[in-house]
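This report covers annotated sites, a buried lysine and the nonpolar cores. Keep the sequence and coordinates at hand.

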Amino acid sequence: MAASILRLHFHDCFVNGCEGSVLLDDSSTIKGEKNAVPNKNSARGFEVIDAIKANVEKACPSTVSCADILALAAREAVYLAGGPYWPVLLGRRDGLTASEGAANTQLPSPFESLANITAKFTDKGLDMKDVVVLSGGHTIGFAQCFTFKPRLFNFDGAGNPDPTLDATLLTSLRGLCPNEASSDSNLAPLDAASVSKFDNSYYKNLVNNSGLLGSDQVLMSDNTTAAMVSYYSKFPFLFSKDFGVSMVKMGNIGVLTGQDGQIRKNCRVVN
């Protein structure tokens with residue numbers, strides 16, 4: 001669940017800012033983000049945020065936003081998984097709408113080029129270093145087979161696998177994700193070396209051509225990002241430190257404060 005909560009926070013902040021829009025259900029006036037391609041049948045953890053919100057509302061009614069709860073929960077999830085602890089600024093307010101279309105276009109995809117992914121980060125005020133650092137969040141969690149299956153069976157359009165993929169990992173993944181539609185939703189660990197521990201083994205995997213997603217392994221295709229990957233593979237403390245810094249930056253994207261937005265009573269619906 002730690003990876004799911006972290007991912008929810010990321011998917012929230014990258015679509016119109018950290019304002020809790022990813023938590024909204026569809027309604028007669030809102031076509032929410034839960035059914036957008038990057039989230040449908042994959043975004044999880046909503047009930048965890050609901051439970052936290054219900055308890056917070058009992059103690060402090062209409063005081064703590066869903067956006068702040070999600071930011072705090074992501075930090076706690078990472079910390080409990082062995083990762084860093086960073087300061088979370090509070091005072092975000094919740095947005096009044098959501099956008100399935102924005103989620104489809106603004107969230108980075110596992111099939112995109114490094115240039116496209118970096119452009120989506122810079123659009124949010126982040127930089128190439130943040131791309132490398134925040135990708136390290138893939139040290140925990142799982143991915144569905146369809147997100148990387150082209151690397152296994154038809155990377156070049158001629159039926160060949162991705163030549164950068166380690167041969168042993170390729171064999172293993174083909175067993176987990178056979179080349180048939182029924183395997184699309186099967187799960188594979190993003191970091192098989194330490195599935196539930198937040199550490200720097202993600203970067204060691206990339207150095208060894210064992211990144212799961214194409215959007216992970218592509219970090220080794222550019223001299224600048226590859227140098228950062230190598231650096232973090234050797235210095236786990238520095239990865240932890242920089243991850244916290246990048247999470248603070250991400251948590252400041254497009255926040256609503258003051259009288260903007262509202263403090264939702266229920267994270268799934270606008271008051």
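Contact here means heavy atoms within 4.5 Å. By that criterion His138 touches Leu190, Asp191, Tyr202, Leu213 and Asp216, leaving out residues up to four places away in sequence. The model is predicted.

**Annotated sites**

His138 is listed by UniProt under "binding site", in an unreviewed entry. The residue sits in the loop between helix H6 (128–135) and strand E1 (142–144). Is His138 buried, partly exposed or exposed? His138 counts as partly exposed, because its relative accessibility is 27%, and the partly exposed class runs between 20% and 50%.

UniProt also places a "binding site" feature, again from an unreviewed entry, at Asp12, Val15, Gly17, Ser21 and Glu33. These positions spread over 22 residues of sequence, yet they cluster in space: the largest C-alpha distance is 13.0 Å.

Two of these positions can be followed further. Val15 is in the loop between helix H1 (2–13) and helix H2 (46–59). Glu33 is found in the loop between H1 and H2. Val15 is buried, because its relative accessibility is 0%. Glu33 is buried as well, with a relative accessible area of 0%.

Which residues does Val15 contact beyond its neighbours within four places in sequence? They are Ser21, Glu33, Ser99, Ala102, Ala103, Gln106 and Leu107. With its own neighbours within four places set aside, Glu33 is in contact with Val15, Ser21, Val22, Asn39, Ala98, Ser99, Glu100 and Ala103. Val15 and Glu33 therefore touch each other. Ser21, Ser99 and Ala103 appear in the contacts of Val15 and in those of Glu33.

**A buried lysine**

Lys53 is found in helix H2. Lys53 counts as buried because its relative accessibility is 2%, and the buried class lies under 20%. What does its side chain meet? A polar atom of the Lys53 side chain lies 2.7 Å from the backbone oxygen of Val64. Contacts of Lys53, not counting residues up to four places away in sequence, are Val64, Cys66, Ile69, Ile263, Arg264, Lys265 and Cys267. Val64 thus appears in the contact list and in the polar pair.

**Accessibility at a glance**

| Residue | Relative accessibility | Class |
|---|---|---|
| Val15 | 0% | buried |
| Glu33 | 0% | buried |
| Lys53 | 2% | buried |
| His138 | 27% | partly exposed |
| Asn223 | 71% | exposed |

**Nonpolar cores**

The largest nonpolar core has 52 residues. Leu23 and Phe243 have the most contacts inside this core. Helix H3 (residues 66–80) gives the largest share, eight residues. Where does the core lie relative to the domains? Domain 1 (1–108) and domain 2 (124–248) both contribute residues, so the core lies between them.

Phe243 is in contact with Leu6, Val78, Pro84, Trp86, Val133, Leu134, Gly137 and Phe198, leaving aside neighbours within four places in sequence. Another core lies apart from the largest one and has 14 residues, among them Leu152, Ala188, Leu212 and Leu213. Leu213 is also one of the residues that His138 touches.

**An exposed helix residue**

Asn223 lies in helix H11 (residues 223–234). Asn223 is exposed, because its relative accessibility is 71%, and the exposed class starts over 50%. How far apart in space are Asn223 and Ala115? Their C-alpha atoms are 13 Å apart, although 108 residues separate them in sequence.

How values were computed: Residues are numbered from 1 along each chain as its sequence is written. This is a predicted model: local features need pLDDT of at least 70, side-chain atom pairs count only at pLDDT 80 or more; totals for chains, interfaces and linings use all residues. Side-chain values use heavy atoms; hydrogens and water are left out. UniProt positions are given in the numbering used here, feature names are shortened, and annotations may be inferred rather than shown by experiment. Helices (H or I, at least four residues) and strands (E, at least two) are DSSP runs, numbered from the N terminus. Buried means under 20% relative accessible area, exposed over 50%, partly exposed in between (1.4 Å probe, protein chains only). A polar contact is a pair of N or O atoms within 3.5 Å; within protein, one must be able to donate a hydrogen and the other to accept it, and residues adjacent in sequence count only if both atoms are side-chain atoms. A nonpolar core is a set of buried Ala, Val, Leu, Ile, Met, Phe, Trp, Tyr and Cys residues joined through side-chain atoms within 4.5 Å. Domain bounds come from an automatic or database domain assignment.
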